[in-house]
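Please open the structure in your viewer and keep the sequence beside it. The tour below moves from one selection to the next and says what is there at each stop.

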Amino acid sequence: MDINEIARRAGVSRATVSRYLNDGYVSQEKRRLIQRIIEETGYVPSQNAQHLRTGKTHLIGVIIPKINSQSVSRMVAGITDTLAANRYHMVLANTNNDASLEIDYLNIFCGRHHVDGIILMATVLTEVHRHIFENVSIPMVVIGQKVEGCSCVYHDDYGAVRDMTSLVLPQAHTPAYLGVLEEDVAVGHLRHQGFLDACDTAGIEVRPEAQLVVGFDADSGFFGAEEILTRVPDVDTIVCATDTIAFGAMMCMREFGRRVPEDVQITGVGDSLLSRIVHPSLSTVHLTYKTCGIEAARLLLSQLDAGDKGISQIKLGYQVYGRNSIR
């Protein structure tokens with residue numbers, strides 16, 4: 001089965017089938033006829049041939065930090081839906097939070113026109129990243145970090161934790177914070193700063209020993225909360241940088257006989273599915289992760305379709321949910 005056979009069966013010219021396959025103008029009647037023949041025969045156009053004719057692969061490289069993350073999966077879902085609706089396909093690269101592997105994938109996708117564009121879910125950005133951003137020859141959109149000189153879609157991480165903290169401080173005397181590496185500007189630095197500024201506005205001084213950097217997993221949240229209990233035995237509120245860290249902290253409180261929220265309030269960020277299922281339900285901030293993926297894909301596709309090389313930066317909002325883990 002090839003393009004000539006499709007044309008013969010549909011009763012149209014080869015040129016008409018070629019225009020259909022390359023999104024050129026074809027009347028609705030002929031378009032429906034060609035589509036029916038393709039569906040009946042299972043014909044799959046040659047990607048290499050299309051690439052030679054149009055200069056496009058219709059492939060988008062998507063680089064993610066880890067695959068077993070609800071926030072990442074929600075962003076990928078938004079990207080996938082948007083690309084599929086526009087007849088683009090996704091090539092997924094999982095780095096497992098390995099910065100060197102992330103650089104490798106960026107170089108692979110940038111070289112030899114393997115993909116038409118790149119979407120990078122960014123965490124820690126190095127000078128090597130910035131050098132690639134400055135010299136990339138294909139459209140690229142960064143998700144999750146605000147990067148000067150680069151198109152990006154990101155959340156208001158600072159405002160999210162500031163407002164969440166402000167919500168719990170009226171019932172707090174000794175707050176603590178479990179965060180992640182400050183090198184991750186969005187999740188690490190900005191969320192931590194939002195917590196500190198909310199405390200400062202409320203006139204509450206946070207002890208240095210009540211602030212810890214932990215990993216992204218629940219085990220890290222558990223052991224981080226255990227360390228907080230050792231350092232600050234009178235802690236009555238723990239603000240966490242993510243829901244997953246907060247789940248670990250809640251498990252720790254149960255292990256040590258501390259009631260949530262009567263003895264210790266706990267909050268997270270992300271509004272993951274488990275935040276509504278755990279007992280007590282977790283107070284958290286809803287970030288529009290799927291919308292983030294949709295907007296990033298739309299932004300990239302607009303650059304591809306219009307040849308627009310301008311820089312666009314989109315900051316998304318949030319919603320604070322005060323549930324049963326706070327007083």
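Is Leu274 buried, partly exposed or exposed? Select Leu274: because its relative accessibility is 41%, it counts as partly exposed, where buried means under 20% relative accessible area, exposed over 50% and partly exposed in between, with a 1.4 Å probe and protein chains only. Before going further, note that this is a predicted model, in which local features need pLDDT of at least 70 and side-chain atom pairs count only at pLDDT 80 or more, while totals for chains, interfaces and linings use all residues. Residues are numbered from 1 along each chain as its sequence is written, and side-chain values use heavy atoms, with hydrogens and water left out.

Leu274 sits in helix α12 (residues 274–277); helices here are DSSP runs of H or I with at least four residues, strands are runs of E with at least two, and both are numbered from the N terminus. Add Leu273 and Ile277 to the selection, and the three residues make a nonpolar surface patch of about 290 Å². Such patches consist of residues with over 30% relative accessible area and no salt bridge, nonpolar side chains (Val, Leu, Ile, Met, Phe, Trp, Tyr) being joined within 5 Å and like charges within 9 Å; the areas come from the Shrake-Rupley method with a 1.4 Å probe, and for residues only the protein chains shown count as cover.

Next, go inside and select Ile119, Leu178, Ile238, Met253 and Ile266, which touch the most other members of the largest nonpolar core, a set of 67 residues. A nonpolar core is a set of buried Ala, Val, Leu, Ile, Met, Phe, Trp, Tyr and Cys residues joined through side-chain atoms within 4.5 Å. Helix α13 (residues 289–306) gives the largest share of this core, 8 residues. Around Ile119, leaving aside neighbours within four places in sequence, the contacts (heavy atoms within 4.5 Å) include Ile60, Ile79, Val141 and Leu300.

Now move to helix α1 (residues 3–10) and show the side chains of Glu5, Arg8 and Arg9, which salt bridges with shared partners join into one network. A salt bridge is a side-chain nitrogen of Lys or Arg within 4 Å of a carboxyl oxygen of Asp or Glu, and the whole structure has 12 of them. Glu5 meets Arg8 at 2.7 Å, N to O, and Arg9 at 2.9 Å, N to O. Within α1, Arg8 lies 3 residues from Glu5, about one turn of the helix, and Arg9 lies 4 residues from Glu5, also about one turn. An α-helix has 3.6 residues a turn, so residues three or four places apart point the same way. Arg8 counts as exposed because its relative accessibility is 57%, whereas Glu5 is among the buried residues of α1. Those buried residues pack against α2 (14–21) and α3 (28–41).

For a salt bridge between loops, select Arg207 and Asp234, whose closest N and O atoms are 3.2 Å apart. Arg207 lies in the loop between α9 (185–201) and β7 (211–213) and Asp234 in the loop between α10 (218–231) and β8 (237–240), so the pair ties together parts that are 27 residues apart in sequence.

Finish at Thr201 in helix α9, which counts as exposed because its relative accessibility is 72%. A polar atom of the Thr201 side chain lies 2.9 Å from the backbone oxygen of Asp197.

Definitions and conventions:
Polar contact = N/O pair within 3.5 Å; in protein donor to acceptor, adjacent residues only side chain to side chain.
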